[in-house]
Amino acid sequence: ENKIRTKLELIHSDMTYETCVRALVILWVFLVIFFFLPFRSVVIAAIFASALVPFLFNLVTNNIRSRQELKFGEDLPELLNILAGALRAGLSLEQGLEAYTTDTDGEVSREVRRALGEIKVGTPIDEALMSVSNRMNNEDLKWAVTALSIQRVVGGSMATILTTAFETVKSRAEIRREVKTLSAEGKLSAYVLMSLPIGIFLFLLLTRRQYVRILDRKSTR
């Protein structure tokens, strides 16, 4: 129960714990029926279904979380640019964060609103933003917050630091997009090659079981 609730909270899902459990039970029943048709064994079907349900749940939630982290990384340069402009206009860092959450929406805005809530109860700004970077697993924000923490100690222009961080993060994002584009074809080929033998085996198992029986030791004796 704690794991499911944590996963749902992590992906900001509107689904309640009870609704999620009901959906997983329905999925388990469907998988039992699906595996019972080829194997004709309730025990085997229940084992496969019980193994696949948590696997599929983790797969879906991790996929959603990965997309959220990716979207966060794409929107982060905009946050840094707006904060730099706000500081040049004479606003404080906290006011700049509030202005960003008012004018924008998305993963960055959601996490910044959470950070502002922590700041209002006494958490330092750099610690609240570092918590955001840890939750979203974002190294770019972590480096930017580290630079701000150093600036608080040694002094300097915070707007200049944020501008430099904005340019650096933007350049890194462009490089990551180029690498992702170049490696997409190789990854697709690898996925196809890995799934091909499994797909052929399942197809033969469902349509031509006599071809698969040769793998059964009992049938070859």
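Q: Why are H4 and H5 called oblique to each other?
A: In this predicted model, helix H4 (residues 93–103) and H5 pack at an angle of about 140°, with their axes 9 Å apart. An angle over 145 degrees would count as roughly antiparallel, and 65 to 115 as roughly perpendicular. The value belongs to neither class, and H4 and H5 are therefore oblique to each other. Their crossing is left-handed.

Q: What makes the contact between H4 and H5?
A: On the H4 side, Glu-94, Leu-97, Glu-98, Tyr-100 and Thr-101 take part, and they meet Val-108, Ser-109, Val-112, Arg-113, Leu-116, Ile-119 and Lys-120 in H5. By class, these residues divide into 6 nonpolar, 2 polar and 4 charged.

Q: Why are H6 and H7 described by the orientation they have to each other?
A: The axes of helix H6 (residues 125–135) and helix H7 (residues 139–154) cross at roughly 165° and come within 9 Å. Angles over 145 degrees count as roughly antiparallel, and H6 and H7 are therefore roughly antiparallel to each other. The crossing of this pair is left-handed. H6 contributes Ile-125, Asp-126, Leu-129, Met-130, Val-132, Ser-133 and Asn-134 to the contact, while H7 contributes Leu-141, Lys-142, Val-145, Thr-146, Ser-149 and Arg-152. The division of these residues is 6 nonpolar, 4 polar and 3 charged.

Q: What makes H3 and H8 the kind of pair that they are?
A: H3 and helix H8 (residues 158–207) pack at an angle of about 160°, and their axes are 8 Å apart. Since the boundary is 145 degrees, that angle makes H3 roughly antiparallel to H8. The crossing of H3 and H8 is left-handed. Among the contact residues are Leu-70, Leu-76, Pro-77 and Leu-80 of H3, and Met-158, Ala-159, Leu-162 and Phe-166 of H8. The contact of H3 with H8 divides into 13 nonpolar, 2 polar and 3 charged residues.

Q: How do you know that Phe-72 is buried or exposed?
A: Phe-72 lies in helix H3 (residues 42–88). Its relative accessible area is 1%, and the limit for a buried residue is under 20%. Phe-72 is therefore buried.

Q: Which residues is Phe-72 in contact with, leaving aside its neighbours within four places in sequence?
A: Phe-72 is in contact with Glu-107, Val-108, Glu-111, Val-132, Met-136, Asn-138 and Leu-141. For one of these, Glu-111, the C-alpha atom is separated from that of Phe-72 by 9.1 Å, although the two residues are 39 apart along the chain.

Q: What makes Arg-135 and Glu-111 a salt bridge?
A: The N to O distance between their side chains is 2.9 Å, and the criterion is a separation within 4 Å. The pair therefore meets the definition of a salt bridge. It links distant parts of the chain, with Arg-135 in helix H6 and Glu-111 in helix H5 (residues 107–120), 24 residues apart. At 2% relative accessibility, Glu-111 counts as buried.

Q: How do you know that Glu-139 and Lys-142 form a salt bridge?
A: Their side chains meet at 3.8 Å, N to O, which is within the 4 Å limit. Both residues lie in helix H7, 3 residues apart, about one turn of the helix. Glu-139 counts as partly exposed at 37% relative accessibility, and Lys-142 counts as partly exposed at 25%. Elsewhere, salt bridges that share partners join Glu-111, Glu-118 and Arg-135 into one network.

Q: Why do Asp-105 and Arg-113 fall into their accessibility classes?
A: Exposed means over 50%, and partly exposed begins at the 20% limit. Asp-105, at 65% relative accessibility, therefore counts as exposed, whereas Arg-113, at 40%, counts as partly exposed. These two residues form a salt bridge whose closest N and O atoms are 4.0 Å apart. A search of the whole structure finds 9 salt bridges.

Q: Why is Gln-151 placed in its accessibility class?
A: Gln-151 lies in helix H7. Its relative accessibility is 10%, and buried means under 20%, so Gln-151 counts as buried. Leaving aside neighbours within four places in sequence, Gln-151 is in contact with Gly-156, Met-158 and Ile-161.

Notes
Residues are numbered from 1 along each chain as its sequence is written. This is a predicted model: local features need pLDDT of at least 70, side-chain atom pairs count only at pLDDT 80 or more; totals for chains, interfaces and linings use all residues. Side-chain values use heavy atoms; hydrogens and water are left out. Axes are lines fitted to C-alpha atoms, for helices over the stretch in contact, and angles run from 0 to 180 degrees between N-to-C directions. Helices (H or I, at least four residues) and strands (E, at least two) are DSSP runs, numbered from the N terminus. Angles under 35 degrees count as roughly parallel, over 145 as roughly antiparallel, 65 to 115 as roughly perpendicular and the rest as oblique. A crossing is left-handed if the near helix is turned anticlockwise from the far one by less than a right angle, and right-handed if clockwise. Contact means heavy atoms within 4.5 Å. Ala, Val, Leu, Ile, Met, Phe, Trp, Tyr, Cys and Pro count as nonpolar, Asp, Glu, Lys and Arg as charged, and the others, Gly among them, as polar. Buried means under 20% relative accessible area, exposed over 50%, partly exposed in between (1.4 Å probe, protein chains only).
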